Structure formats: structure tokens, C-alpha cells
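Student: I should like a close look at one part of this model, namely a single strand together with the elements around it. Please set it out as one connected account.

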Amino acid sequence: MTFENERLSIVAAARSLFARGLTHGSTGNLSVRVGDRVLVTPTGSSLGTVEAADLSLIDLTGAHVGGPKPSKEAFLHAALLRARPDAQAVVHTHSTYAAAVSCMDGLDRDDALPPLTAYFAMRVGRLPLLPYYAPGDAALGPAAEEKARTHRALLLSNHGPIVAGASLGAALDAVEELEETAKLFLLLRGVPTRPLTPEQRAALGG
Ligand SMILES: O=C(O)[C@@H](O)C(=O)COP(=O)(O)O
Ligand SMILES: [Zn+2]
């Protein structure tokens, strides 16, 4: 089981996220479903330097089945992939603006960011805010799996976003759009703002 193309896609995505500042240090992790297995970045790796041969293999329960020790969030990636059978990839980052929003008090826990733009409504949809758990705490798994059945993107309190996509490209688009909308949201604080109406949002499937 080498899954060479998927390995190369993960590495290209990881490098791209890192090069554009959407991850830093050794934060963030990516996964791609390959049949009943999942390739995932190894724990402690920098997405700027991770290599195709370094990737870990888990199953859909999150159990480690090959390669180096997987990301401590492997259980979350598996939970999102179980919840969304059409999803092929999951991306988690600590991108700055989304992480900032994840630390704010008083957010709507069912709808943490307003639909400021059509692209957010189309690519991200409604964004639930999950309670704080320490990174790698498997106790977050059930709540994440339940919310992921009806949402492609989740925001982890005091941490960052995790997003599932029908392809790795779609997951990357969504996590980037989430980051840009978090930035707009913070830029517009205190400025009278008109998000999309519920009708405009619904028309876009958001
Ligand atoms: O925040 C954390 O510690 C993890 O969620 C993370 O982003 C990186 O952890 P690993 O994938 O285990 O390196
Ligand atoms: Zn993290």
C-alpha cells in the first residue's frame, strides 16, 4: 500500500499551506481517504518539510496501521471522514484569524462566523464552534463526529478550524475561505455590516 499519488498531493498541499502562512511551526495536519484507509501527516511534523515517505496510515476508527506515529488529531480526521462518507480529505490549521475567532467570547456556537460573502456561504456554510479540549483529547471525537454529519467545517475553541472536503482541493479552498472570512469579521468589528440575508444564504446552500 503505497498510494503514491495521494502522498504527493498531501505533501504539495502541506507545503502550499505552510508557504502561505496558513500553518506555522509544527501546527496543522492533513489527511486523505484511500479506500478504507487514511493517509495522515505524522505527529510533530512541520507541514513545510514533511515528505511523502513520512506519512502515517490509519483506519477509519483512527487506529494506527502503518508508517510513523500519526497526528495526535488522527481520531478527529477519522471522525469527520466517518461522518461524511463523500469527504475524501480533512485539513486542520491554526491559521491566525480563524484561531483568533476561536478564542472570542460570546460567539453563536451554532454559527460562529456570519455569512459575509457568497463564497463563504458556498464553500464553508454554517460553522459550529466546538467546546475546548486539549489537542489530541479523544473526548472531542463524538461531538465532532455528530456536528460533522451536517457541517463540513468545525471551529475548535481556542485552537483552530478543521474542514472536510470532497477532495483535498475542496478542503483547502474551504479552510482558506474560512480564514479570509475570519479576517473580514475581525476587520469589520465595530463597523455597521450587512451579512447575506437568510434567503440569500439559503439560495447558496449555506
Ligand atoms: O494543536 C495541536 O497540537 C494539533 O492539533 C496540531 O495542530 C499538530 O499536532 P500533530 O499533527 O500531532 O503534530
Ligand atoms: Zn491543532
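Tutor: The account below begins with the sheet, follows one strand through it, and then turns to the elements packed against that strand.

Residues are numbered from 1 along each chain as its sequence is written, and chains are lettered from A and ligands numbered from 1 in the order in which they are written. The model is predicted, so local features need pLDDT of at least 70 and side-chain atom pairs count only at pLDDT 80 or more, while totals for chains, interfaces and linings use all residues.

Helices and strands are DSSP runs numbered from the N terminus (helices H or I, at least four residues; strands E, at least two). Two strands pair if DSSP finds at least two bridges between them. An open sheet is formed by 8 strands in the order β4-β3-β2-β1-β5-β8-β7-β6, with mixed pairing. Its edge strands, each pairing on one side only, are β4 (64-66) and β6 (129-130).

The strand chosen here is β1, residues 29-34. Strands of a sheet pair through backbone hydrogen bonds, either parallel or antiparallel. With β5 (residues 89-92), β1 pairs in the antiparallel sense over 4 bridges. Within this pairing, N29 has H92 as its bridge partner, and S31 has V90. The pairing of β1 with β2 is likewise antiparallel, over 4 bridges. There, V34 stands opposite R37. The hairpin of these two strands has 2 residues between them, and G35 takes a positive phi near 65°.

Burial is counted from C-beta atoms placed from the backbone: a residue is buried if 20 or more others lie within 10 Å of its own, exposed if 12 or fewer, and partly exposed in between. Strand β1 is largely enclosed by the rest of the structure, because 5 of its 6 residues are buried. R37, in strand β2, is partly exposed, with 17 other C-beta atoms within 10 Å. The C-alpha atoms of R37 and L60 lie 6.4 Å apart, although the two residues are 23 apart in sequence.

Two helices pack against this region; contact here requires C-beta atoms, placed from the backbone, within 7 Å of each other. Axes are lines fitted to C-alpha atoms, for helices over the stretch in contact, and angles run from 0 to 180 degrees between N-to-C directions. Helix α2 (residues 74-83) lies across β1, β2 (37-40), β3 (56-59), β5 and β8 (160-165), and runs at about 135° to β2. Helix α6 (residues 168-187) packs on the sheet by touching β1, β5, β7 (153-156) and β8, and its direction makes about 150° with that of β8. In α2, 8 of the 10 residues are buried, among them F75, L76, L80 and L81. The cover over these buried residues includes β1, β2, β3, β5, α5 (141-148) and β8.

One residue of β1 also takes part in the surroundings of ligand 1. A residue is near a molecule if its C-beta atom, placed from the backbone, lies within 6 Å of it. Ligand 1 is surrounded by 13 residues, of which the closest are N29, T43, S71, K72 and P135. By class, this shell has 1 nonpolar, 10 polar and 2 charged residues; Ala, Val, Leu, Ile, Met, Phe, Trp, Tyr, Cys and Pro count as nonpolar, Asp, Glu, Lys and Arg as charged, and the others, Gly among them, as polar.
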